[in-house]
Amino acid sequence: MEKEEIININKIGWNKLINSKKQFANTSLPEYGPFFKRNQNDIKLFENIKDAKVLDLGCGAGQSLEYLYQRGAKEVWEIDISEEQILKARNRFPKFRDNFYVSPMESYIEIKNYFDYVISIFSIGYVSDLSKTFENVYKYLNTYGEFIISWTHPFYFCLDIDGNNVILNKSYFKEDSEIITKGPDKIELAQKNVMISTMINTAIKNNFYLDTILEEETVMKDDVNGYKSNFWRKEKTQNCPSTIIFKFKKYI
Ligand SMILES: C[S@@+](CC[C@H](N)C(=O)[O-])C[C@H]1O[C@@H](n2cnc3c(N)ncnc32)[C@H](O)[C@@H]1O
């Protein structure tokens with residue numbers, strides 16, 4: 001799939017999704033992902049949120065930033081491909097409305113050495129160019145800045161359900177973007193699996209080092225906050241984490 005095509009499909013898809021009944025299903029802080037047993041209140045990946053400047057890539061309607069702002073973040077900024085999502089986020093934060101950009105995170109916005117944290121909570125797998133995204137984040141962060149990412153665990157991507165059995169239905173190595181549908185309205189999005197080595201090597205290539213990687217235990221439930229999905233299934237999470245979390249820091 002061409003990069004432009006990925007961006008277009010996701011822009012249209014996420015604009016529609018904000019009006020559909022589909023919830024994000026635990027992809028906003030303090031939650032790092034569906035079915036997670038622990039959340040930010042337990043994991044404490046943000047060591048120093050007080051007075052921090054935070055940029056959220058793929059912010060959605062800004063729920064994660066609201067959580068961080070309530071805990072003392074000084075400035076919140078956002079980049080999201082969807083104007084509808086940004087509209088909601090701006091309404092949440094009228095004070096910071098000029099900090100919200102409708103743009104793909106693969107495109108650089110002229111801000112340098114500014115942020116203490118850049119976060120991407122369940123958005124990184126929608127990008128058309130992972131390396132360009134890391135390159136941009138390196139510029140956005142100040143010297144001691146951190147990049148925190150959560151996304152579907154790449155092994156979870158390979159699992160499927162066949163009757164009562166959990167089966168391996170996809171190759172771990174397959175990283176191309178593919179069309180999936182979300183929610184009762186079957187809205188199309190282009191998303192991809194990112195192998196653990198791809199994430200870490202792309203970070204290293206762009207002058208980051210890995211500070212923390214978490215493959216957390218999950219809770220055994222049939223739904224995520226009342227939302228039942230074919231993809232998020234408790235049977236799959238019995239032997240495999242649903243989510244993977246990375247914290248990267250800059251080489252200085
Ligand atoms: C599951 S939502 C993330 C929820 C959000 N992180 C939160 O905390 O509420 C994924 C978001 O990524 C955005 N997105 C998808 N592709 C993107 C891209 N290439 N650049 C920027 N945002 C993108 C979508 O518009 C959507 O708002």
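Leaving aside its neighbours within four places in sequence, which residues is isoleucine 245 in contact with? The answer is Tyr32, Ser150 and Leu214. This is a predicted model. Its sheet is open and has 7 strands, with mixed pairing. A ligand is surrounded by 25 residues. The points below go from the sheet to its helices, then to the ligand and some unusual backbone spots.

**The sheet**

- The strand order is β3-β2-β1-β4-β5-β11-β10.
- β3 (100-102) and β10 (208-215) are the edge strands, and each of them pairs on one side only.
- On average, neighbouring strands of this sheet are turned by 15 degrees against each other, direction ignored.
- Strands in a sheet are paired through backbone hydrogen bonds, and the pairing can be parallel or antiparallel.

**Strand β1 and its partners**

- β1 covers residues 53-57, and 5 of its 5 residues are buried.
- In a regular strand, side chains alternate between the two faces of the sheet.
- Both faces of β1 are covered. Lys53, Leu55 and Leu57 are buried on one side, and Val54 and Asp56 are buried on the other.
- β1 runs parallel to β4 (residues 115-121), and 3 bridges join the two strands.
- Aspartate 56 stands opposite isoleucine 119 in β4. Leucine 55 has valine 118 of β4 as its bridge partner.
- β1 also runs parallel to β2, here with 5 bridges. Leucine 57 stands opposite isoleucine 79 of β2.
- Together with α3 and β2, β1 makes a β-α-β unit, and this unit is right-handed.

**Helices against the sheet**

- Helix α4 (residues 83-92) lies across β2 and β3. Its direction is at about 170 degrees to β3.
- Helix α6 (residues 196-205) packs on the sheet and touches β10 and β11 (243-250). The directions of α6 and β10 make an angle of about 160 degrees.
- Helix α5 spans residues 130-140. Its buried residues are Thr133, Phe134, Asn136, Val137, Tyr138 and Tyr140.
- The cover over those buried α5 residues includes strands β1, β4, β5 (141-152), β10 and β11, along with helix α6.

**Isoleucine 245**

- Isoleucine 245 belongs to strand β11.
- Isoleucine 245 is buried because it has 21 C-beta neighbours inside 10 Å, and 20 or more count as buried.
- Isoleucine 213 is 32 residues away from isoleucine 245 along the chain, yet their C-alpha atoms are separated by 5.6 Å.

**Around the ligand**

- Trp14, Gly58, Gly60, Ser64 and Tyr126 come nearest to the ligand.
- Three elements give two or more residues to the shell: α1 (3-17), α3 (63-70) and β2 (75-80).
- The most comes from α1, which gives 3 residues.
- The shell has 13 nonpolar, 10 polar and 2 charged residues.

**Backbone exceptions**

- Most residues other than glycine have a negative phi, and most peptide bonds are trans.
- The peptide bond from leucine 29 to proline 30 is cis, with omega near 10 degrees. Proline 30 sits in the loop between α1 and α2 (40-43).
- Phenylalanine 122 is not a glycine, yet its phi is positive, at about 60 degrees. It is part of the loop between β4 and α5.
- Phenylalanine 122 is buried, because 23 other C-beta atoms lie within 10 Å.
- Asparagine 207 also has a positive phi without being a glycine, at about 70 degrees. Its place is the loop between α6 and β10.
- Is asparagine 207 buried or partly exposed? Asparagine 207 has 13 C-beta neighbours inside 10 Å, so it counts as partly exposed.

Note on methods
Residues numbered from 1 in each chain as written. Predicted model: local features only at pLDDT ≥ 70, side-chain atom pairs only at ≥ 80, totals over all residues. Near = placed C-beta within 6 Å. Helix = DSSP H or I, 4+ residues; strand = E, 2+ residues; numbered from the N terminus. Nonpolar A, V, L, I, M, F, W, Y, C, P; charged D, E, K, R; others polar. Pairing = 2+ DSSP bridges. Axes fitted to C-alpha atoms, helices over the stretch in contact; angles between N-to-C directions. Contact = placed C-beta atoms within 7 Å. Buried ≥ 20, exposed ≤ 12 C-beta atoms within 10 Å, placed from the backbone. Right-handed = clockwise from strand over helix to strand, strands pointing away.
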